[in-house]
Amino acid sequence: MAKDKSKKSGGDEFAKPSEAPAGGDGFNLTSDETRGALLLITPLRTERIEDKFSKEPGATKEIIVADVVVLNEKKPAKSEEHEEVYVFSGYLKGALRGYIGERRVLGRLTNTEDTTKKKDRGNYYWELEDADSDDIAVARAYLEAVTNPLSKISKDEKPAKKSKPAPEPEPAKKKSKKK
(Lines give C-alpha, C1' and ligand atoms only; values in the text may rest on other atoms or scores of the structure.)
Protein backbone atom coordinates (compact mmCIF):
# COMPACT_ATOMS: atom_id res chain seq x y z
CA MET A 1 0.00 0.00 0.00
CA ALA A 2 1.27 3.50 -0.86
CA LYS A 3 2.29 5.72 1.99
CA ASP A 4 -0.07 8.61 2.86
CA LYS A 5 1.90 11.85 2.59
CA SER A 6 -0.72 14.07 4.21
CA LYS A 7 -0.49 15.57 7.64
CA LYS A 8 -3.29 13.93 9.60
CA SER A 9 -5.05 16.17 12.06
CA GLY A 10 -8.51 16.05 13.63
CA GLY A 11 -11.00 15.01 10.95
CA ASP A 12 -8.78 15.94 7.97
CA GLU A 13 -7.40 12.43 7.78
CA PHE A 14 -9.00 11.70 4.40
CA ALA A 15 -9.33 13.84 1.27
CA LYS A 16 -12.83 14.62 0.02
CA PRO A 17 -13.44 13.86 -3.67
CA SER A 18 -15.75 16.87 -3.91
CA GLU A 19 -12.82 19.13 -3.00
CA ALA A 20 -10.36 17.64 -5.51
CA PRO A 21 -8.29 20.21 -7.39
CA ALA A 22 -8.99 20.64 -11.11
CA GLY A 23 -6.91 18.54 -13.45
CA GLY A 24 -3.89 20.03 -15.19
CA ASP A 25 -3.59 23.71 -14.44
CA GLY A 26 -7.35 24.13 -13.99
CA PHE A 27 -7.83 25.85 -17.36
CA ASN A 28 -11.37 25.56 -18.77
CA LEU A 29 -11.42 26.05 -22.53
CA THR A 30 -15.12 26.90 -22.81
CA SER A 31 -15.77 29.58 -20.23
CA ASP A 32 -16.83 33.21 -20.06
CA GLU A 33 -13.16 34.20 -19.76
CA THR A 34 -12.26 32.61 -23.09
CA ARG A 35 -15.37 33.68 -25.00
CA GLY A 36 -14.15 35.79 -27.92
CA ALA A 37 -10.49 34.91 -27.26
CA LEU A 38 -8.05 34.25 -30.06
CA LEU A 39 -6.74 30.70 -29.61
CA LEU A 40 -3.83 28.86 -31.15
CA ILE A 41 -4.59 25.16 -30.67
CA THR A 42 -2.28 22.23 -31.33
CA PRO A 43 -4.42 19.07 -31.39
CA LEU A 44 -2.30 16.23 -30.02
CA ARG A 45 -4.46 13.09 -29.87
CA THR A 46 -7.87 11.61 -29.15
CA GLU A 47 -8.63 9.72 -25.95
CA ARG A 48 -11.60 7.87 -24.55
CA ILE A 49 -12.69 8.75 -21.04
CA GLU A 50 -15.49 7.59 -18.80
CA ASP A 51 -18.79 9.25 -19.65
CA LYS A 52 -20.06 10.25 -16.21
CA PHE A 53 -23.38 11.43 -17.61
CA SER A 54 -24.28 8.24 -19.44
CA LYS A 55 -26.78 5.86 -17.88
CA GLU A 56 -24.97 2.89 -19.44
CA PRO A 57 -22.37 1.34 -17.16
CA GLY A 58 -18.84 1.59 -18.56
CA ALA A 59 -19.82 4.09 -21.26
CA THR A 60 -17.00 6.22 -22.64
CA LYS A 61 -16.76 9.25 -24.86
CA GLU A 62 -14.09 10.62 -27.13
CA ILE A 63 -12.24 13.81 -26.30
CA ILE A 64 -9.40 15.61 -28.00
CA VAL A 65 -6.30 16.50 -26.02
CA ALA A 66 -4.62 19.69 -27.21
CA ASP A 67 -2.11 22.33 -26.24
CA VAL A 68 -3.88 25.69 -26.18
CA VAL A 69 -2.45 29.20 -26.27
CA VAL A 70 -4.79 32.08 -25.41
CA LEU A 71 -3.12 34.77 -27.49
CA ASN A 72 -2.56 38.19 -25.96
CA GLU A 73 -3.43 40.42 -28.89
CA LYS A 74 -1.56 43.46 -27.55
CA LYS A 75 1.58 41.64 -26.34
CA PRO A 76 1.76 38.25 -28.10
CA ALA A 77 4.90 37.27 -26.18
CA LYS A 78 2.85 37.37 -22.96
CA SER A 79 0.24 34.89 -24.20
CA GLU A 80 -1.17 32.25 -21.84
CA GLU A 81 -0.04 28.67 -22.57
CA HIS A 82 -1.92 25.55 -21.39
CA GLU A 83 -0.79 21.97 -22.02
CA GLU A 84 -2.89 18.82 -22.32
CA VAL A 85 -6.30 20.56 -22.37
CA TYR A 86 -9.34 18.29 -22.79
CA VAL A 87 -11.73 19.40 -25.53
CA PHE A 88 -15.25 18.04 -24.93
CA SER A 89 -17.45 20.22 -27.16
CA GLY A 90 -18.62 18.43 -30.30
CA TYR A 91 -18.20 21.34 -32.70
CA LEU A 92 -14.74 22.15 -31.34
CA LYS A 93 -13.70 18.50 -31.61
CA GLY A 94 -14.91 18.50 -35.20
CA ALA A 95 -12.83 21.59 -35.97
CA LEU A 96 -9.70 19.99 -34.49
CA ARG A 97 -9.96 16.26 -35.27
CA GLY A 98 -8.63 16.47 -38.85
CA TYR A 99 -5.51 18.35 -37.76
CA ILE A 100 -4.26 16.00 -35.03
CA GLY A 101 -0.50 15.69 -35.40
CA GLU A 102 -0.63 17.73 -38.62
CA ARG A 103 -1.17 21.48 -38.07
CA ARG A 104 -2.04 24.11 -35.51
CA VAL A 105 -5.51 25.63 -35.59
CA LEU A 106 -6.01 29.38 -35.19
CA GLY A 107 -9.47 30.71 -34.44
CA ARG A 108 -11.63 32.88 -32.23
CA LEU A 109 -13.77 31.01 -29.69
CA THR A 110 -17.43 31.98 -29.83
CA ASN A 111 -20.60 30.76 -28.25
CA THR A 112 -23.77 30.70 -30.34
CA GLU A 113 -25.60 32.36 -27.46
CA ASP A 114 -23.73 35.56 -28.35
CA THR A 115 -23.80 35.27 -32.10
CA THR A 116 -26.61 33.38 -33.80
CA LYS A 117 -28.74 32.05 -30.95
CA LYS A 118 -28.44 28.62 -32.64
CA LYS A 119 -28.83 25.64 -30.36
CA ASP A 120 -27.78 22.02 -30.57
CA ARG A 121 -30.01 19.64 -28.61
CA GLY A 122 -31.34 22.57 -26.61
CA ASN A 123 -27.94 24.03 -25.71
CA TYR A 124 -25.88 26.86 -27.10
CA TYR A 125 -22.65 25.49 -28.49
CA TRP A 126 -19.03 26.59 -28.75
CA GLU A 127 -17.33 26.96 -32.11
CA LEU A 128 -14.18 28.45 -33.63
CA GLU A 129 -14.46 31.30 -36.12
CA ASP A 130 -11.80 31.48 -38.82
CA ALA A 131 -8.94 33.89 -38.10
CA ASP A 132 -8.57 37.07 -40.13
CA SER A 133 -5.29 38.64 -41.31
CA ASP A 134 -4.87 40.64 -38.07
CA ASP A 135 -5.31 37.43 -36.03
CA ILE A 136 -2.72 35.67 -38.18
CA ALA A 137 -0.25 38.51 -37.54
CA VAL A 138 -0.75 38.11 -33.77
CA ALA A 139 -0.16 34.34 -34.00
CA ARG A 140 3.00 34.86 -36.06
CA ALA A 141 4.28 37.40 -33.51
CA TYR A 142 3.65 34.86 -30.72
CA LEU A 143 5.45 32.07 -32.59
CA GLU A 144 8.37 34.42 -33.27
CA ALA A 145 8.55 35.24 -29.56
CA VAL A 146 8.58 31.54 -28.69
CA THR A 147 11.27 30.61 -31.21
CA ASN A 148 13.36 33.75 -30.70
CA PRO A 149 13.41 34.51 -26.95
CA LEU A 150 15.07 37.88 -27.47
CA SER A 151 12.06 39.08 -29.42
CA LYS A 152 9.98 38.73 -26.23
CA ILE A 153 11.48 41.94 -24.96
CA SER A 154 9.52 44.81 -26.43
CA LYS A 155 11.24 48.01 -27.47
CA ASP A 156 10.02 49.68 -24.27
CA GLU A 157 11.35 46.89 -22.07
CA LYS A 158 14.83 46.51 -23.57
CA PRO A 159 17.52 47.25 -21.05
CA ALA A 160 19.29 50.53 -21.58
CA LYS A 161 22.64 50.26 -23.28
CA LYS A 162 25.42 50.41 -20.80
CA SER A 163 27.41 53.53 -21.26
CA LYS A 164 31.06 53.67 -20.49
CA PRO A 165 31.58 54.62 -16.89
CA ALA A 166 32.70 58.19 -16.40
CA PRO A 167 36.39 58.35 -15.74
CA GLU A 168 37.17 58.65 -12.09
CA PRO A 169 38.57 62.01 -11.15
CA GLU A 170 42.27 61.96 -10.49
CA PRO A 171 43.17 62.39 -6.88
CA ALA A 172 44.12 65.93 -6.04
CA LYS A 173 47.84 66.42 -5.95
CA LYS A 174 49.23 67.51 -2.66
CA LYS A 175 51.12 70.70 -2.80
CA SER A 176 54.46 70.42 -1.26
CA LYS A 177 55.50 73.21 1.00
CA LYS A 178 58.77 74.79 0.12
CA LYS A 179 60.69 76.56 2.76
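## A walk through the fold

Residues 24 or more positions apart account for 56% of the protein's contacts with a separation of 6 or more, where contact means heavy atoms within 4.5 Å. Before clicking around, note that this is a predicted model, in which local features need pLDDT of at least 70 and side-chain atom pairs count only at pLDDT 80 or more, while totals for chains, interfaces and linings use all residues. Residues are numbered from 1 along each chain as its sequence is written, and side-chain values use heavy atoms, leaving out hydrogens and water.

**Start with the whole chain.** Switch on the cartoon and you'll find 2 helices and 7 strands; these are DSSP runs numbered from the N terminus, with helices being H or I of at least four residues and strands being E of at least two. Going from the N terminus, the order is β-β-β-α-β-β-β-β-α. Now add a surface: about 14500 Å² is accessible, and carbon and sulfur atoms own 50% of that (Shrake-Rupley method, 1.4 Å probe; for residues, only the protein chains shown count as cover). Of the 179 residues, 25% count as buried. Buried means under 20% relative accessible area, exposed means over 50%, and partly exposed is in between (1.4 Å probe, protein chains only).

**Select V68.** You're in strand β2, residues 60-70. V68 has a relative accessible area of 1%, so it is buried. Leaving aside residues up to four places away in sequence, V68 touches F27, L29, L39, L40, I41, E80, E81, H82 and V85. Draw a distance from V68 to H82: they are 14 residues apart along the chain, and their C-alpha atoms are separated by 5.2 Å.

**Hop to E84.** This one sits in strand β3, residues 80-87. Check its backbone: phi is near 55°, a positive value in a residue other than glycine. E84 has a relative accessible area of 40%, so it counts as partly exposed.

**Next, G90.** Look in helix α1, residues 90-97. Is G90 buried or exposed? G90 is exposed, because its relative accessibility is 51%. Its C-alpha lies 8.8 Å from that of E127, a residue 37 positions away in sequence.

**Keep E127 on screen and pick R108.** E127 is among the residues that R108 touches, along with G36, A37, L38, E73, L128, E129 and D135, again not counting residues up to four places away in sequence. R108 belongs to strand β4, and its 18% relative accessibility is why it counts as buried. Show side chains here: those of R108 and E73 make a polar contact at 3.0 Å (a pair of N or O atoms within 3.5 Å; within protein, one must be able to donate a hydrogen and the other to accept it, and residues adjacent in sequence count only if both atoms are side-chain atoms).

**Last stop: the second largest pocket.** Select L40, Y99, R103, R104, V105, L106, A131, I136, A139, R140 and L143 to light up its lining. Two elements give two or more residues to it, β4 (105-111) and α2 (133-147), and α2 gives the most, with 4 residues. L40 should look familiar, as one of the residues V68 touches.

On a 1 Å grid over the protein atoms alone, a pocket is an open set of points where a 1.4 Å probe fits, with protein on both sides within 12 Å along at least five of seven lines; lining residues have an atom within 4 Å of a point. The space in this pocket is about 310 Å³, the volume being what is filled by probe spheres set on the points, which are joined across faces, edges and corners.

Color the lining by class to finish: 8 residues are nonpolar, none polar and 3 charged. Here Ala, Val, Leu, Ile, Met, Phe, Trp, Tyr, Cys and Pro count as nonpolar, Asp, Glu, Lys and Arg as charged, and the others, Gly among them, as polar.
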